[in-house]
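Here's a walk through a protein model, one piece at a time. Keep the 3D view open and find each part as it comes up.

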Amino acid sequence: MIRSRFTGLGMAVPPNCIKNNDLQRYMDTSDDWIRQRSGIEQRYWVDEGVSTSDLGLEAANVALEQAKLKPADLDMILFATLSPDHEFPGTACFLQGKLGAPGIPAIDIRQQCSGFIYSVAVADQFIRTGAIRRALVVGAEVHSKGLDLTTRGRDVSVLFGDGAGAVVMEATSIQNPKTDSFLWSTHLHADGTHAQELWTAAPGTGLKTKERILQPHLEEAVHYPKMNGKSVFIHASQKMPESLQEALLANGLSSEEIDLYVLHQANLRINQKCAEVMGLPDEKVFNTIQKYGNTTAATIPIGLVEAEKASRLKQGTLVASAAFGSGYTWASMIYRW
Ligand code: COA
């Protein structure tokens with residue numbers, strides 16, 4: 001039986017640490033408000049010259065080194081981001097150019113906070129069918145260049161940070177499904193009726209204007225992300241536990257049998273709610289949002305790196321991950337590390 005397993009893991013964050021109080025330079029906010037509502041204490045922002053593929057490259061190089069592979073060994077690149085280097089081509093192509101792995105497919109995945117799990121699921125399907133043996137999956141975001149850093153945009157802007165995470169996935173032949181390291185299953189969902197609850201409208205052909213962006217759009221701040229925070233909160237608090245339960249059921253597992261929950265980091269309160277609904281002890285849920293904010297497609301691989309550093313993730317650890325985000329999209333997966 002051929003399945004995929006994670007053989008390399010890496011992350012990258014830029015050097016500029018922005019504490020909650022530093023945001024007061026741009027907008028009317030406070031450390032108290034941000035901590036109480038989201039759990040976030042700080043986030044990292046890139047320098048002007050750094051793009052999403054630059055951060056992705058740094059994380060990818062670490063993951064490749066850990067997997068003892070060179071870019072030329074890869075069969076596919078998947079890049080999950082909502083903050084691409086440019087409108088087109090996809091950021092996977094920019095990363096591919098920088099990595100130096102010409103010829104292989106390079107695919108962008110635009111599923112926002114669920115993008116990493118969606119990308120892992122796509123790579124897994126190619127590996128299971130034998131079409132490829134090795135994939136690089138990157139989740140990376142440069143949010144800081146796209147946020148409304150004024151009081152008008154404070155409900156969104158304080159939540160997000162820049163960062164990247166990457167994994168190498170390789171085909172593995174399963175001898176013992178109970179103990180071998182491999183990806184057990186992925187579960188993907190979306191409901192586009194909520195597409196405008198968390199979105200950036202411009203530039204876009206969906207605008208009822210002759211061009212994808214015009215001066216009035218900039219004045220109305222339509223090119224910045226907008227969010228219905230309460231709707232996101234309610235749906236995330238339902239869908240994260242629901243998709244974890246779906247993954248547990250598919251694998252005949254109880255929630256107690258999972259060693260570690262590495263969940264998307266949108267808001268500490270959402271993850272606490274999720275743990276409460278599922279009856280999970282706090283120590284089984286690994287959170288990093290305090291340090292990095294919401295890095296969207298990068299939160300889960302960053303969580304894995306931090307869990308490994310903290311000796312919470314080792315070979316043999318049974319992990320469950322779930323994410324919820326813009327789209328709405330949500331997803332889960334279970335894997336033995
Ligand atoms: N600093 C200070 N005050 C702020 C603020 C900020 N950064 N952002 C908003 N406020 C103010 C609002 O203007 C409002 O003021 P008012 O009562 O005078 O009108 C007040 O705080 C309360 O705003 P509200 O939107 O009701 O707060 P909330 O309790 O719903 O919390 C979120 C807001 C965004 C933290 C919360 O809705 C949330 O976490 N939603 C999910 C967001 C998320 O996870 N997004 C990522 C998805 S992947």
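Start with helix α10, residues 299–309, which lies across strands β1 and β7 (163–173). Its direction makes an angle of about 80° with β1. Keep in mind that you're looking at a predicted model.

So what do β1 and β7 belong to? They're part of an open sheet of 5 strands, in the order β1-β7-β6-β4-β5, and the pairing is mixed. At the edges sit β1 (2–12) and β5 (106–109), each of which pairs on one side only. Ignoring direction, neighbouring strands here are turned by 20° against each other on average.

Zoom in on one pair from that sheet. Strand β4 covers residues 76–80, and it pairs with β5 in the parallel sense, over 4 bridges. If you want a spot to click on, try Leu-78, which stands opposite Ile-107 in β5.

Now back to α10, since there's another side to its story. This helix also lies across β11, β12 and β13, running at about 150° to β12. Those strands bring us to another open sheet, with 4 strands in the order β8-β13-β12-β11 and mixed pairing. Its edge strands are β8 and β11 (260–261), and each of them pairs on one side only.

How many bridges join β8 to β13? There are 8, and the two strands run antiparallel, with β13 spanning residues 329–336. One place to see the pairing is Phe-182, whose bridge partner in β13 is Arg-336.

A helix you haven't met yet, α4, lies across β8, β12 (318–325) and β13. Its angle to β8 is about 125°. Let's look at one residue from α4 and one from β8.

From the helix, take Ile-117; α4 covers residues 115–128. Is Ile-117 buried or exposed? Its relative accessibility is 0%, so it counts as buried. Leaving aside neighbours within four places in sequence, Ile-117 is in contact with Leu-188, Ile-300, Ser-321, Ala-322, Ala-323, Ala-331, Ser-332 and Met-333. You can also pick out His-264: it's 147 residues away from Ile-117 along the chain, yet their C-alpha atoms are separated by 9.8 Å.

From the strand, take Thr-186, which has its place in β8 (residues 182–190). Why does Thr-186 count as buried? Because its relative accessibility is 18%, and the cut-off for buried is under 20%. With neighbours within four places in sequence left out, Thr-186 is in contact with Val-120, Ala-121, Ser-332 and Met-333.

Last stop: the ligand. It is surrounded by 21 residues, and the closest are Thr-29, Arg-37, Gly-229, Lys-230 and Asn-267. Here are some of the atom pairs between protein and ligand.

| Residue | Protein atom | Ligand atom | Distance |
|---|---|---|---|
| Arg-37 | side-chain N or O | oxygen | 2.9 Å |
| Gly-229 | backbone N or O | nitrogen | 2.9 Å |
| Lys-230 | polar side-chain atom | oxygen | 2.5 Å |

And how much of the ligand does the protein bury? Taken alone, the ligand exposes 970 Å², and the protein buries 72% of that.

Key:
Residues are numbered from 1 along each chain as its sequence is written. This is a predicted model: local features need pLDDT of at least 70, side-chain atom pairs count only at pLDDT 80 or more; totals for chains, interfaces and linings use all residues. Side-chain values use heavy atoms; hydrogens and water are left out. Buried means under 20% relative accessible area, exposed over 50%, partly exposed in between (1.4 Å probe, protein chains only). Contact means heavy atoms within 4.5 Å. Two strands pair if DSSP finds at least two bridges between them. Axes are lines fitted to C-alpha atoms, for helices over the stretch in contact, and angles run from 0 to 180 degrees between N-to-C directions. A residue is near a molecule or strand if one of its heavy atoms lies within 4 Å of it. A polar contact is a pair of N or O atoms within 3.5 Å; within protein, one must be able to donate a hydrogen and the other to accept it, and residues adjacent in sequence count only if both atoms are side-chain atoms. Accessible areas come from the Shrake-Rupley method with a 1.4 Å probe; for residues, only the protein chains shown count as cover.
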